[in-house]
Amino acid sequence: MLKLIHVIALSPLFVLAACGADPAPGPVEQIIVREPGAAPVATAAAAVASNPASALIAEGKAAFANCSACHAVEQGAPNGAGPNLVGIVGKAAGGVAGFAYSDALKASGITWTAAELDSFIADPAAKIPGTTMVAGAIADSAERQAVIAYLESITAN
Amino acid sequence: MSKSETATDSPGKKGKWTRRAFIGAGVVAGSALVVGVAVRQGNPIDRLSPLLTDGKNEQLLNAWVKVDTDNIVTAVIPHVEMGQGVYTALAQMLADEMDADWSKVRILEAPADMQYVSDSIARDFLAPNLEVPAIFEPTVSGGILELAQAMGLQFTGGSYSVRATGQRAMRTAGAAAREMLVAAAASEWQVPASEITTADSMIIHAKSGKSEPFAKFALAAAEQSLPAKPTLKSPDKYKIMGQPKARHDIPEKVDGTAIFGIDAKVPGMKYAAVKAAPVIGATVTSIDATTARTMPGVLQILNMGDFVAVVADGYWQAQQALNSIDAQYSKTEGDGLDLDAIFARYATSLDEAGEDGGDMETEAGDVGKAFAGAATKVEAEYKVPFLAHATMEPMNCTAWVRDGKCDVWSGHQAPVNARQAAADAAGLPFEDVTYHNAYLGGGFGRRSDSDAVIMATRIAKATGYPVKMIWSREEDTAQDHYRPSATSRFRGGLDKDGKLVSWDNIHTHLFDPKDAPTIPYYNIASHKIRKVDVPMHLRFGPWRSVDHSQHGFFIESFVDEMADAAGKDGYAFRRELLAGSPRHLKVLDTAAKMSGWGSALPEKHGRGIAFVPSFGSIVAQVAEVDMTGAKPKVTKVYVAADPGFVVNPDGFTAQMESAIVYGLTAALYGEITLKDGAVQQSNFHDYPMLRIDEMPAVEVALINGDHKHLGGGGEPGLPPIAPAVTNAIFAATGKRIRELPVAKHDFA
């Protein structure tokens, strides 16, 4: 269900050499579940069955590790390279105090519904040409849904 | 000109080797002396000369000593420490010849590099951040490579380190360094070298009252003519050799700071668990990893053809995911085999060989005639099972293959071989692989194989990031390279006086040492010893004392049977066989005397004796058993051992004791069995170790019988224990154990 799961079956080039000519054959089959440092999707996926909502949030929280380089999600935490995202869902674009938004974003007139966030995170520069968010696009739809679910769960006290 | 400028400007240092010396020395680290030993062909110290047939004038033995400015003497040890105390014993040999202050001796393990003298990594190892003078280079062309290739440089095993490296190289290196330091002081002080003495890392001229530390003359020493044949001490001059010096590796092993192979830490390292096809030789045809790929921490699942690997954030996660994988394996010829079928094969081959077939190993006299004319004839067949090594540290290796380079971390008995294995597995040249050796948590021969190194390197090559592969205990037990099972048949003849006159032995397999089945020390007029080769699908691996582990049991059991047939006790019978060999007799007599041989024992108690020379050392053991309970209890073992000269009595005694732990474990319990071609044992519940309450009290007597010809310490304590125990069981019960382990037999 998650795009992070790849299945790569290598060509028979590396199939165990019966003749023994190659003393160290490579894999016959290599399943890459996840790259090191990437979100532990397997954990979240395993939890989905028992509690889909909280599992999705947990998955989003894990995936957000990549976003946290720029965005804080703790109330009162300072803005980073990107604005603090506490309570972002439902808020008007350019509305976080103290962050120097691009003119393009300030003028966008967008309200950050889940759907708007989804299309923005998928490709920020396409959605709002001129935005300063030049990194962090999430191509995987399921992962975006998880991240948005996580953001929805973080509301201002 | 200062001394250092002199050194730099010396033509001999700048360009080519001046051939003024046979011992390579160089100045590093400011005022420091580094000596490598090169011995001219034909030098009596060097018994290796037959191997060095390429016409070179000097050959380098792989041993080094370094003197630092702070007067620390560093011995570079070309062997690995696996609990046998080799670091300490070899350093003792070097330090004694050098008259070094033992409290200021340090130890470095040589890097896994055949050419470490010229290799840049090795230069860093010996002298970080410094230019190593060109004087080192010729010692490489002088033959280290040839020697290394001929002898499997840096291999630790065969009870070889002290008797070969220590005796030939470490002592020579120490003596040479001492002579060079003395010569330098003599020149500086303008006094004859003969008036100078050395002690505790000090150079002393008593007449003038001058006294300086080694470090003061280290730089000048490297400028001296180098001794072609350094004078070695006679035993009466030994100060450090022969002393029970404390082991260098013990403090860190007690406080937990010692780093073993399994402790390797590499940034970004992930963990791999592995499972090979249960039947050796089979391949993995398919895997179902449906569950595994959803499990926590899992990064990759790999079907490597001959094994399955799971790579995860943690070892436990990897092992749990691996356990969930359903794998299918190819069919092999071994699928139907069990242990009985293997022994049936042995029997068939031995039957086919008959009285004259098989490969002759040694023959004297006319066995056929002697046996035919014997007054008493005895025939017996003995069997031993496959044995696993069961090192307490399970097999493991950490590898990182990236950017055309490979780093490997492990504990290996043959680091150069391990490095080559990693290079082959990574598909890289030898020089692009760095091998990092660590302490071995038990070797016993198991860590002379490179299978784990190859597997880890293949996994790391597939992932691209560093991976620590750890075998589970189950994998360790089921995928060992085993001490082979074996069958041995004997026919012996006694004359009318009960003298052993005919010895006819045929057995399966012969690996190493080649003399293990032979008995040149026993005076038997007619004997012949043969072997038959029988295919095994399990992989052979050297196991502590190797072929002596089975032949010690075979030979010493049959000698006991012959003694019984002659109506003599085992000690008296062996005395007759050893008549004319005073050194052997002394060992046998010592063990017998210690044990109170011949004195009365309680009901159902027995004493057994066994005598096995191996790896250059002579060992006799007497075991006492208590057969009053449901299973045998070995209460006491007396050991007499003559390794020529004992370099470290405490260390050697520990080797005798540990060989008894290891050998008694095997004798009582050790057995790897097969069902449908796969090993049935998996962990310590079904492959038990000797427990502390089962450990006999061990008393060891050491004999220095020939200081010029040293024997080993790691293995010779093992072969006598099994027959000493089974002979004692016979003495107590009348029941002869012809098949190991003892646990197979019912004594109720």
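# A guided tour of chains A and B

In strand S22 of chain B, select B:Arg530, which is the bridge partner of B:Met360. The model on display is predicted, and the tour sets out from this pair.

**The sheet around the starting pair**

Extend the selection to strand S14 (359–364) and strand S22 (residues 526–532) of chain B; the two run antiparallel and are joined by five bridges. Both belong to an open sheet of five strands in chain B, whose order is S14-S22-S21-S20-S15 and whose pairing is mixed. At the edges are S14(B) and strand S15 (376–384) of chain B, each of which pairs on one side only. On average, and with direction ignored, neighbouring strands of this sheet are turned by 10 degrees against each other.

Next, select strand S21 of chain B. S21(B) and S22(B) run parallel and share seven bridges; to see one pairing there, display B:Asp504, which stands opposite B:Lys528 in S22(B). How many of the nine residues of S21(B) are buried? The count is nine of the nine, so S21(B) is largely enclosed by the rest of the structure.

Add strand S20 of chain B. Seven bridges connect S20(B) with S21(B), and these two strands run antiparallel. B:Leu494 has B:Leu500 in S21(B) as its bridge partner. Follow the backbone between the two strands: they form a hairpin with five residues between them, and in the turn B:Gly498 has a positive phi of about 80 degrees.

To finish this part, select helix H10 (residues 339–353) of chain B. H10(B) lies across S15, strand S20 (486–494), strand S21 (500–508) and S22 of chain B, and runs at about 40 degrees to S20(B).

**Strands S24, S25 and S28 of chain B**

Move to S24(B) and S25(B), which form a hairpin with six residues between them. The two strands run antiparallel, with nine bridges joining them. Display B:Ile618 and B:Asp642 together: B:Ile618 stands opposite B:Asp642 in S25(B). Seven of the ten residues of S25(B) are buried, so S25(B) is largely enclosed by the rest of the structure.

Now add S28(B), which runs parallel to S25(B) and is joined to it by six bridges. B:Val698 in S28(B) has B:Val637 opposite.

Within strand S28 (residues 697–702) of chain B, select B:Glu699. Is B:Glu699 buried or partly exposed? B:Glu699 has 17 C-beta neighbours inside 10 Å and therefore counts as partly exposed, since a residue is buried if 20 or more other C-beta atoms lie within 10 Å of its own. With neighbours within four places in sequence left aside, B:Glu699 is in contact with B:Met594, B:Tyr638 and B:Val639. For a distance label, choose the C-alpha atoms of B:Glu699 and B:Phe645; these residues are 54 apart along the chain, and the atoms are separated by 18 Å.

**Helix H19 of chain B**

Select helix H19 (residues 721–733) of chain B. At 1.5 Å a residue, its 13 residues should span 18 Å, and this agrees with the 18 Å between its end C-alpha atoms. Twelve of the 13 residues of H19(B) are buried, so the helix is largely enclosed by the rest of the structure. Among the buried residues are B:Ile721, B:Val725, B:Ile729 and B:Phe730.

What covers the buried residues of H19(B)? The cover includes helix H15 (548–565), helix H16 (570–577) and helix H18 (649–668) of chain B, together with strand S23 (605–614), strand S24 (617–626) and strand S25 (633–642) of chain B. Step past the end of the helix to B:Gly734, which follows H19(B) and has a positive phi, near 80 degrees.

**The contact between the chains**

Select chain A and chain B together. The contact takes 21 residues from chain A and 27 residues from chain B. On the side of chain B that touches chain A, the elements giving two or more residues are strand S11 (298–303), helix H12 (415–426) and helix H13 (451–463) of chain B. S11(B) gives the most to this side, with six residues. Colouring this side by class shows 13 nonpolar, eight polar and six charged residues.

Then isolate strand S1 (residues 29–32) of chain A and S11(B), which pair in the antiparallel sense over four bridges. Here A:Gln30 stands opposite B:Leu302 in S11(B).

**A last view of chain B**

Return to the whole of chain B, whose secondary structure comes to 19 helices and 28 strands. Buried residues make up 55% of its 748 residues. Of the contacts in chain B with a separation of 6 or more, 77% are accounted for by residues 24 or more positions apart.

Definitions and conventions
Residues numbered from 1 in each chain as written. Chains lettered and ligands numbered in written order. Predicted model: local features only at pLDDT ≥ 70, side-chain atom pairs only at ≥ 80, totals over all residues. Contact = placed C-beta atoms within 7 Å. Nonpolar A, V, L, I, M, F, W, Y, C, P; charged D, E, K, R; others polar. Pairing = 2+ DSSP bridges. Axes fitted to C-alpha atoms, helices over the stretch in contact; angles between N-to-C directions. Expected span 1.5 Å × (residues − 1).
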